[in-house]
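Trainee: Pick one part of this model and take me through it closely. Then set that part against the rest of the chain.

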Amino acid sequence: MKESEYDAGDTMPEDDPNGNTNAAPGPNRWGKSHAGAQELQKMYAELKWKRRSEVFGVVAAISMFSVQGFILLSGLNLDVWWHIAVALFLGALAADFISGLVHWGADTWGSVEGVIGKGFIRSFREHHVDPVAITRHDFIECNGDNFLVTVPFLLTALYLQLTGDSSVVIQWRSHIWFLFSLGIYVAMTNQIHKWSHTWSSLPGWVEFLQRTHIILPRWHHKKHHISPHACNYCITIGFMNYPLELINFWTGLEWIITKLTGHIPRSDDMKWAEKTIHSE
Ligand SMILES: [Zn+2]
Ligand SMILES: [Zn+2]
């Protein structure tokens, strides 16, 4: 699968090469005209509390990341640069795995009912029936949830750093760099995901980061959007997808959960995908 195959102007064509869900031929089966996508988008506009929590998350997290970054850079010791490099890499890997776990969980189980469903799972359903809706979302809608999640961890880390013994803080420097990398990558995951759906007008430095797998490459994430959306869940750097797909990690987890609970994976996701068929 080559990147150039999918460069169709502003966005990648969100077709369904497997035809698992929408058997009708023709382009644009997914998109903003999809009946399910319209319903899901309307739901977001009605959630006033959701928007407020996203604004709070972005403002609080950026403030704390700035303080944390200042503390780390002012105590920077380049003699241990490789400790820092390893810590940054492991932080990125951990964030990638967490992104996969959360993405898989929200794609595979649950529904858009209730507070969690409307506030959180809704955006995952929307993303499959209108994958480029994310490119129309502003910074707050795109990143609010992820920034918010980092707030309690940033608060704890800052409290321990500012009140702890300085010799202990120095001793734990690599761990703090790991947590900083983890936090930045978790916070930026959906922005990185948005860039992976943007096929024109990306800054050169973003394309460089994609090409080098420092962030999720476009061609790599394209595979997740082939129906039934059941692989390549990791969307931060995408690196963890290689070992996890090799051992069928997600399929194995689904098998165990279905055995234990009887729930069918992706049944709610499929329901939203099929809305286009019924509405046409
Ligand atoms: Zn997905
Ligand atoms: Zn996507």
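**A loop and its surroundings**

Mentor: Asn232 lies in the loop between α9 and α10. Start there, and keep in mind that this is a predicted model. Helix α9 covers 218–222, and α10 covers 241–246.

Look at the backbone of Asn232 first. Its phi is positive, about 50°, although Asn232 is not a glycine. Is Asn232 buried or exposed? Count the neighbours: 23 other C-beta atoms lie within 10 Å. The cut-off for a buried residue is 20 or more, so Asn232 is buried.

Now go to Pro228. This proline is found in that loop between α9 and α10 too. The peptide bond joining Ser227 and Pro228 is cis. Its omega is about 15°. So much for the backbone of this loop.

Next, step back across α9. The loop between α8 (204–211) and α9 holds His213. His213 also has a positive phi, near 65°, and is a residue other than glycine. Its surroundings need a separate count. Inside 10 Å, His213 has 13 C-beta neighbours. A residue counts as exposed at 12 or fewer and as buried at 20 or more. His213 falls in between, so it counts as partly exposed. Set the two side by side: Asn232 is buried, whereas His213 is partly exposed.

Now the chain as a whole. There are 13 helices and zero strands. Read along the sequence, the pattern is α at every step, from the opening helix to the closing one. Of the 280 residues in the chain, 34% are buried. Take the contacts with a separation of 6 or more: 74% of them join residues 24 or more positions apart.

Where is the largest nonpolar core? It has 29 residues. Four helices each supply at least two of them: α2 (48–74), α3 (81–108), α5 (139–163) and α7 (173–196). The most comes from α7, with 11 residues. Within this core, Trp177 and Leu182 touch the most other members. Leaving aside residues up to four places away in sequence, Leu182 touches Gly91, Ala94 and Ala95. Another core lies apart from this one. It has nine residues, including Val129, Ala133, Ile134 and Ala273.

Leu182 also leads to a helix pair, α3 with α7. Two packed helices are described by the angle between their axes and the distance between the axes. For α3 and α7, the angle is about 40° and the axes are 7 Å apart. That makes α3 oblique to α7. The crossing is right-handed. On the α3 side, the contact includes His83, Ile84, Leu88, Gly91, Ala94, Ala95 and Ser99. On the α7 side, Ser174, Trp177, Phe178, Leu182, Tyr185 and Thr189 are among the residues involved.

Finally, the record. An unreviewed UniProt entry lists residues 55–74 and 80–102 under "transmembrane region". In the model, residues 55–74 are 100% helix and 0% strand. The end C-alpha atoms of that span lie 29 Å apart. Residues 80–102 are 96% helix and 0% strand. Their end C-alpha atoms are 33 Å apart.

Return to the loop to close. It holds the cis-linked Pro228. It also holds Asn232, with its positive phi and buried position.

Technical notes: Residues are numbered from 1 along each chain as its sequence is written. Chains are lettered from A and ligands numbered from 1 in the order in which they are written. This is a predicted model: local features need pLDDT of at least 70, side-chain atom pairs count only at pLDDT 80 or more; totals for chains, interfaces and linings use all residues. Helices (H or I, at least four residues) and strands (E, at least two) are DSSP runs, numbered from the N terminus. UniProt positions are given in the numbering used here, feature names are shortened, and annotations may be inferred rather than shown by experiment. A nonpolar core is a set of buried Ala, Val, Leu, Ile, Met, Phe, Trp, Tyr and Cys residues joined through C-beta atoms within 7 Å. Two residues are in contact if their C-beta atoms, placed from the backbone, lie within 7 Å. Axes are lines fitted to C-alpha atoms, for helices over the stretch in contact, and angles run from 0 to 180 degrees between N-to-C directions. Angles under 35 degrees count as roughly parallel, over 145 as roughly antiparallel, 65 to 115 as roughly perpendicular and the rest as oblique. A crossing is left-handed if the near helix is turned anticlockwise from the far one by less than a right angle, and right-handed if clockwise.
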